[in-house]
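Trainee: Please choose one part of this structure and take me through it closely. I should like to learn how that part is held by its surroundings.

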Amino acid sequence: VEGARVLGVGVSVPGQVDRATGIAEYAPNWDWHDVPLLDLLTEHIAYPLYLDNPLRASAVAELWFGAARGRGNAVIVNLGTGVGAGLVLGGGLHRGVSNSAGEWGHTTMVLDGRLCRCGNHGCVEAYVGARGIMLNLREIGPDSALLHPEDQTATIDALARGVVAGDPVALRAVHETARYLGAGIADLVNLFNPEIVVLSSWVARTLGEPLLREVRDAVTRHALPRPLAATQIVLSPIPTDSVCLGAATFALEGALQAVGQKNGTRAAVRGRATAPPS
Ligand SMILES: [Zn+2]
């Protein structure tokens with residue numbers, strides 16, 4: 001892309017990110033602790049940089065371009081290797097006091113349950129993240145040819161093909177996963193009373209409609225009638241990578257805010273665009 005046309009660069013980093021300092025405080029996938037990512041990137045990228053995590057990025061993508069457009073209250077459920085919920089409340093992105101709201105993947109689903117990457121036991125992610133789904137599959141069919149022990153993507157792909165082909169082990173594994181997922185999403189429905197719940201990220205995209213149907217049934221069994229009646233549950237309609245789209249949107253938002261700043265309003269924009277001159 002021609003440099004003069006670039007307004008900024010958005011970066012999505014898994015885990016806990018401090019937007020003000022640009023420090024990736026904790027990324028369990030990569031065992032990152034307090035990595036000064038913004039400073040490291042600034043040495044190589046001569047554009048305003050905007051850091052946040054995939055939960056926020058995918059929520060903004062749905063809000064601007066996807067299923068949450070025009071919705072004031074939405075929950076974007078990210079189903080990948082990691083699991084979490086991007087929260088749109090009262091018309092805006094909900095970050096919490098230290099930008100870590102939405103860590104639904106590490107809320108407890110089963111007391112004293114499976115060990116999770118975060119060190120806790122029984123987290124939602126340990127049952128509905130890609131690794132959790134592999135464990136569900138292994139429990140149902142320990143010798144199933146669908147299992148690729150070292151390869152999450154290959155296993156989820158095989159599971160999706162197995163469902164289409166009517167493989168009974170695949171069908172049970174998706175049913176079991178949807179039971180956990182439905183109970184967890186019913187919690188979100190009861191807590192936030194959203195207009196829409198969007199299933200996003202690669203596991204949701206790969207398992208698609210068969211997973212969605214089972215999840216809808218399971219949520220219906222667990223959620224309270226009033227919030228349930230107001231909620232739609234859909235798959236993300238964004239055909240590309242919604243996290244990349246959302247990260248780019250952060251850059252666009254930052255550029256728009258920077259225009260506001262030139263007009264005298266000092267908003268809390270993060271990144272090099274607002275760094276004091278040195
Ligand atoms: Zn956890």
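Mentor: One term is needed before we begin: a polar contact is a pair of N or O atoms within 3.5 Å, and within protein one of the two must be able to donate a hydrogen and the other to accept it. Please also keep in mind that the model is predicted.

The part I have chosen is helix 2, which runs over residues 54-65. At the start of this helix, a side-chain oxygen of N53 comes to within 3.1 Å of the backbone nitrogen of L55. That distance lies within the 3.5 Å cut-off for a polar contact.

Consider next the length of the helix. Helix 2 has 12 residues, and the distance from its first C-alpha to its last is 16 Å, close to the 16 Å expected at 1.5 Å a residue.

How many of the residues in helix 2 are buried? The number is 10 of 12, so the helix is mostly covered. "Buried" here stands for a relative accessible area under 20%. The buried residues are P54, L55, R56, A57, S58, A59, V60, A61, E62 and L63. A general point helps in reading such a list: an α-helix has 3.6 residues a turn, so residues three or four places apart point the same way.

Two of these buried residues, R56 and S58, deserve attention for their partners. We may begin with S58. Its side chain makes a polar contact of 2.8 Å with the side chain of N78. N78 belongs to strand 6, which covers residues 74-79. With a relative accessibility of 6%, N78 is counted as buried, and S58 is buried as well. This contact therefore joins two buried residues, one in helix 2 and the other in strand 6.

We turn now to R56. Side chains of opposite charge can pair when their charged atoms come close. R56 and D52 illustrate this, for their side chains meet in a salt bridge with an N to O distance of 3.5 Å. Both R56 and D52 are buried. For D52 the relative accessibility is 1%.

D52 has further partners. Its side chain forms a salt bridge with that of R19, at 3.1 Å from N to O. D52 lies in strand 5 (residues 49-52) and R19 in the loop between strand 2 (16-18) and strand 3, so this pair ties together parts that are 33 residues apart in sequence. R19 is partly exposed, at 26% relative accessibility, whereas D52 is buried at 1%.

D52 also forms a salt bridge with R95, in which the closest N and O atoms are 2.4 Å apart. This pair links distant parts of the chain, 43 residues apart: D52 is in strand 5, while R95 is in the loop between strand 8 (92-93) and helix 3 (125-128). Both D52 and R95 are buried.

Which residues, then, are linked in a network of salt bridges? They are R19, D52, R56 and R95. D52 takes part in the bridges to R19, to R56 and to R95. In the whole structure, a search finds six salt bridges.

A comparison with another helix will show what helix 2 looks like beside one with a kink. Helix 7 covers residues 202-222, and its end C-alpha atoms are only 25 Å apart, although a straight helix of 21 residues would span 30 Å. A kink of about 100° lies in helix 7 at G208, shortly before the proline P210. The position of the kink is itself covered, since G208 is among the buried residues of helix 7; others include V203, L207, L211 and V215. By contrast, the span of helix 2 is close to the expected value.

To draw the picture together: helix 2 has N53 reaching to the backbone of L55 at its start, a polar contact from S58 to N78, and R56 within a salt-bridge network that also holds R19, D52 and R95. Most of the helix is covered.

Terms used
Residues are numbered from 1 along each chain as its sequence is written. This is a predicted model: local features need pLDDT of at least 70, side-chain atom pairs count only at pLDDT 80 or more; totals for chains, interfaces and linings use all residues. Side-chain values use heavy atoms; hydrogens and water are left out. Helices (H or I, at least four residues) and strands (E, at least two) are DSSP runs, numbered from the N terminus. The expected span of a helix is 1.5 Å times one less than its number of residues. The bend at a residue is the angle between axes fitted to the seven residues ending there and the seven starting there. Buried means under 20% relative accessible area, exposed over 50%, partly exposed in between (1.4 Å probe, protein chains only). A salt bridge is a side-chain nitrogen of Lys or Arg within 4 Å of a carboxyl oxygen of Asp or Glu.
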